[in-house]
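The following exercises ask you to read backbone geometry and packing from a model, one step at a time. Try each task before you turn to its solution.

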Amino acid sequence: MPHTLTTPRLTLRPWRASDCVPFHHLNADPRVMEHFPSTLTPQESDALIARINHHFAHHGYGPYAAELKETGAFIGYIGLYTPTFEAHFTPAIEIAWRLAADHWGRGLATEGARAVLHHAFHTLNLASLVSFTVPANQRSSRVMEKLGMICRRRTLLDGIDSVIYGIDRGEFEQRGWTFAGR
Ligand SMILES: CC(C)(COP(=O)(O)OP(=O)(O)OC[C@H]1O[C@@H](n2cnc3c(N)ncnc32)[C@H](O)[C@@H]1OP(=O)(O)O)[C@@H](O)C(=O)NCCC(=O)NCCS
């Protein structure tokens, strides 16, 4: 059973069947999918959940379902994923996030991702993590920077112009965060 992580405002937990419909809405929103090739159909959204659950079963970690403690609402995912394409930095583990647009701009992605970094380095004993996005996705690269991730390179990933950020355990420790969650 994968871990559940908590932060002051979020529970990061395994996925439930009740997450499917709000995840359909989230993936059908052009604001959320602005920097991806297209929005997702409900079938594509369900297939993504199946891949996420498979990832958890195979690795013991993955992109956690993010739930707002205050309301119990499912608002997206924050967690770890193993990229399947080849690049100069693979094999690697990615930290990734996707939240419903109504919840942006309140520091939730950064808060949840900080708990994931802590879990990755202190419980899973991973050595380093990467994150990447297109240069235009400044919301996402801003989250990477707030986490203390360092922009290592700008390059083509799977043919797409991308910025690659990274952080290793030592760089994470240097941030010296006193982490309120567990
Ligand atoms: C990326 C995402 C997870 C960020 O979630 P969030 O909870 O709003 O993130 P945070 O509030 O922790 O931080 C967002 C930062 O981006 C900044 N920001 C917001 N809009 C911005 C813009 N247009 N340009 C530059 N920075 C922007 C915010 O000001 C904030 O930085 P600050 O704290 O220094 O002010 C969310 O926008 C999302 O789900 N996007 C769609 C999916 C996606 O692109 N996922 C990433 C794929 S790589």
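**Exercise 1.** In which loop does Asn125 lie, and is Asn125 buried or exposed?

*Solution.* In this predicted model, begin with the place of the residue: Asn125 sits in the loop that runs between α3 (108-122) and β6 (128-133). Next, count its surroundings: 8 other C-beta atoms lie within 10 Å of Asn125. Since a residue with 12 or fewer such atoms is classed as exposed, Asn125 is exposed. Finally, look at the backbone, where phi of Asn125 is near 60 degrees, a positive value in a residue that is not glycine. Most residues other than glycine have a negative phi.

**Exercise 2.** Find where Asp158 lies, and decide whether Asp158 is buried or exposed.

*Solution.* Asp158 belongs to the loop between β7 (150-157) and β8 (160-168). Its phi is positive, about 55 degrees, although Asp158 is not a glycine. Asp158 has 10 C-beta neighbours inside 10 Å and therefore counts as exposed.

**Exercise 3.** Determine whether the peptide bond from Thr90 to Pro91 is cis or trans.

*Solution.* Locate Pro91 in the loop between β4 (74-81) and β5 (94-99), and then read omega for the bond from Thr90 to Pro91, which is near 0 degrees, so that the bond is cis. Most peptide bonds are trans.

**Exercise 4.** Which element gives the most residues to the largest nonpolar core?

*Solution.* The largest nonpolar core has 42 residues, and Ala113 is among those with the most contacts inside it. The element that gives the most to this core is α3, with 8 residues. Leaving aside residues up to four places away in sequence, Ala113 touches Ile78, Ile95, Trp97, Val143 and Leu147.

Conventions: Residues numbered from 1 in each chain as written. Predicted model: local features only at pLDDT ≥ 70, side-chain atom pairs only at ≥ 80, totals over all residues. Helix = DSSP H or I, 4+ residues; strand = E, 2+ residues; numbered from the N terminus. Buried ≥ 20, exposed ≤ 12 C-beta atoms within 10 Å, placed from the backbone. Core = buried A, V, L, I, M, F, W, Y, C linked by C-beta atoms within 7 Å. Contact = placed C-beta atoms within 7 Å.
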